[in-house]
Amino acid sequence: QVQLVESGGGLVQAGGSLRLSCAASGRTFSSHAMGWFRQAPGKEREFVAAITRIGGSTYYADSVKGRFTISRDNAKNTLYLQMNSLKPEDTAVYYCAGKLDSGVYYRTVARYDYWGQGTQVTVSS
């Protein structure tokens with residue numbers, strides 16, 4: 001039973017940067033793959049990035065590859081998303097999520113088992 005709390009969202013101009021954090025409470029954080037997803041108004045929740053349990057492998061949506069970096073610090077029970085070169089189309093509520101199963105479907109919302117409440121990211125033009 002893990003509780004996730006996102007932070008670091010806010011308002012930024014196009015081309016700027018933000019770093020999102022996801023703090024996890026619970027002793028099993030390091031046993032779970034983690035992901036970032038986002039949801040814009042009127043759209044379905046979509047995959048952004050994912051990372052394996054110890055950070056050996058990462059996965060990114062094509063739309064953010066080269067601009068966003070996912071990382072984790074298991075000693076601090078914290079997941080991060082560094083977002084650079086932000087664009088207006090990045091505007092959304094960003095959620096972190098944990099994955100209990102050992103499958104490879106890191107891009108699929110339904111494969112994640114617990115979620116944070118989200119943090120708003122707004123990129124102005």
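This short talk concerns the aromatic rings of the structure shown above, and the charged side chains placed over two of them.

Please bear in mind that the model is predicted. A pair of aromatic rings is described by the distance of the centres and the angle of the planes. The count here comes to six aromatic pairs, and I shall discuss two of them.

I begin with Phe37 and Trp115, a tilted pair with 5.1 Å from centre to centre and 55° between the planes. Phe37 belongs to strand 4, residues 33-39, and Trp115 to strand 10, residues 114-115, so this pair ties together parts that lie 78 residues apart in sequence. As for their surroundings, Phe37 is buried, at 0% relative accessibility, whereas Trp115 is partly exposed, at 25%.

The second pair is Tyr59 with Tyr106, and these rings are stacked: the centres are 4.7 Å apart and the planes make an angle of 20°. This pair, too, links distant parts of the chain, 47 residues apart. Tyr59 sits in strand 6, residues 58-60, while Tyr106 is in the loop between strand 9, residues 92-99, and strand 10. Tyr59 counts as partly exposed, with 28% relative accessibility; Tyr106 counts as buried, with 12%.

Let me return to Phe37 and Trp115. Together with Phe47, Tyr95 and Tyr112, they form one aromatic cluster.

Which charged residues, then, lie over these rings? Over the face of Trp115 we find Arg45, at 4.9 Å from the ring centre. Over the ring of Tyr106 sits the charged end of Lys99, 5.2 Å from the centre of that ring.

How values were computed
Residues numbered from 1 in each chain as written. Predicted model: local features only at pLDDT ≥ 70, side-chain atom pairs only at ≥ 80, totals over all residues. Heavy atoms only, no water. Phe/Tyr/Trp six-rings, centres within 6.5 Å; stacked < 30°, edge-to-face > 60°. Helix = DSSP H or I, 4+ residues; strand = E, 2+ residues; numbered from the N terminus. Buried < 20%, exposed > 50% of the residue type's maximum accessible area, 1.4 Å probe, protein only. Lys NZ or Arg CZ within 6 Å of the ring centre and 35° of its normal.
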